[in-house]
Structure formats: C-alpha cells, structure tokens
Amino acid sequence: MSRTLLTGGAAAVLIATATTSAGAAGHTPQITAPPDKIVIELATVNGSGCREGTAEVAVAPDNTAFTVTYSEYLAQVGPGAPPTAFRKNCQLNLRVHVPSGFTYAIVQADYRGFAFLQPGAWGQERANYYFQGMPQTTQRTHQFNGPHNDNWQASDKTEYADLVWAPCGEKRNFNINTELRVNAGTSNPQTTSFMAMDSTDASVSTLYHLAWQVCPTPKRPAP
C-alpha cells in the first residue's frame, strides 16, 4: 500500500504557472493582477480534516493564485479505522487583504491528493466557497472509483460571466468548505481504502486561480 506523492517542488511549479492554466481554461477577458502584494491570513480553521496548525496558505508572487496545503487531511474505511473516519471535512475562513481599488473572484480551483481504493470502493471530493454574508457557490463533487492507487486531481472551473466578485470597498472574509468521503462499496471488508488531500512535503496543494477587476470610482456627491 505505497503512498506516492507528486514530486518535490511541484507546488512551486503549480503556483508559478497559475496564469497559464487560467488562461488555458478560456476565461476572458484577461485581467491584470494588482501590482501591490496581496496578503491572505487564516482567520479560523475548523473540521475533522484540518485541526489547528495543519493548514497553510501561500500567495503566488504575481497575485494570480494562492495555494492551500494540508498535512493531516485523510478519510478512510477498513479494519482499525474509526467509524467516523469515512468522512473528513475542512472549513477555512480566510482574511484577504486586497490592494485598494481592486476586487477578485475565484475562476478555477484545482484539488489534488492521493487515493488508495480497493476494487469496489469509491472516494469523493466535494468543495464550495463563498464570501462572508453572501450565498455559497454550488457544491461540486468528483468521484473516483477503485481500484485506484495513485495521485488524483479534480478541477472546478467557472465561466467569466458567472464569477462571484468580492464587494468593492468592503472587507469580507473568504470561506472555503471541502470534504473527502470514502465508501467501502462492494470491496472486501477486511481491506482498507483511503483518500487524502494532504502532503508531508508540501508538494500536493489545492490551487485557487484568481481573476481581478478594477473597482469603479465612487461618484462624488453633487455640490
């Protein structure tokens, strides 16, 4: 039951190529990211898949994306696994400091991890996100069926016209909800299956591609 991960340094490559990936997805028009550095802080971390201190956020140098890296995010079924281990979730509340005059939206999210699924078993990754005080995006589900003993990847893309933008001139935290679920299905009950979205060497990260807009200039009141 070897658990291989993407090669070391893959996270750096992913975050450096965020602009290329977003452009390849066909999202137009091309948005120029703000020149001033954005800062993202983890305000709160909750969930069975990400206890305090097991999730980290990093922003791409060109402000086109950010990554979330987990270190203990794993769902499993089989001998020795607790009854509740088949489902793990994580709720991140991010404090995003955006340069004045700009707003942003998530144009694509790339989720990655490793899965070891017995024949007849299956695993699922689910995710959605939203700005504080605004409706949640539709939860999207990706399923992987056994037998599977390899890395996995799933992408959620949003057409430009359907992007949800952070309100201009307001400070609203950004929330990310993710879930991993494993079901034994028809597999041998004496065997173990698991699905992970974590990495011990920071080489497997969730990548969120950013789109940017310039906020409209506030109208001055008439004299």
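Mentor: Before we start, buried means under 20% relative accessible area, exposed over 50% and partly exposed in between, with a 1.4 Å probe and protein chains only. This is a predicted model, in which local features need pLDDT of at least 70 and side-chain atom pairs count only at pLDDT 80 or more, while totals for chains, interfaces and linings use all residues. Residues are numbered from 1 along each chain as its sequence is written, and side-chain values use heavy atoms, with hydrogens and water left out.

Trainee: Are Tyr129 and Tyr208 buried or exposed?

Mentor: These two tyrosines form an edge-to-face aromatic pair, 6.5 Å centre to centre with 90° between the planes; rings of Phe, Tyr and Trp (its six-membered ring) pair if their centres lie within 6.5 Å, and planes under 30 degrees apart count as stacked, over 60 as edge-to-face and the rest as tilted. As for their accessibility, both Tyr129 and Tyr208 are buried.

Trainee: How many residues apart in sequence are the parts that this pair ties together?

Mentor: Strands are DSSP runs of E with at least two residues, and helices are runs of H or I with at least four, numbered from the N terminus. Tyr129 lies in strand S7 (residues 122-131) and Tyr208 in strand S12 (residues 206-214), so the parts that the pair ties together are separated in sequence by 79 residues.

Trainee: What share of the 223 residues in the protein is buried?

Mentor: Tyr73 is one buried residue, with a relative accessible area of 0%, and Tyr70 also counts as buried, at 2%. Across the 223 residues of the protein, the buried share is 46%.
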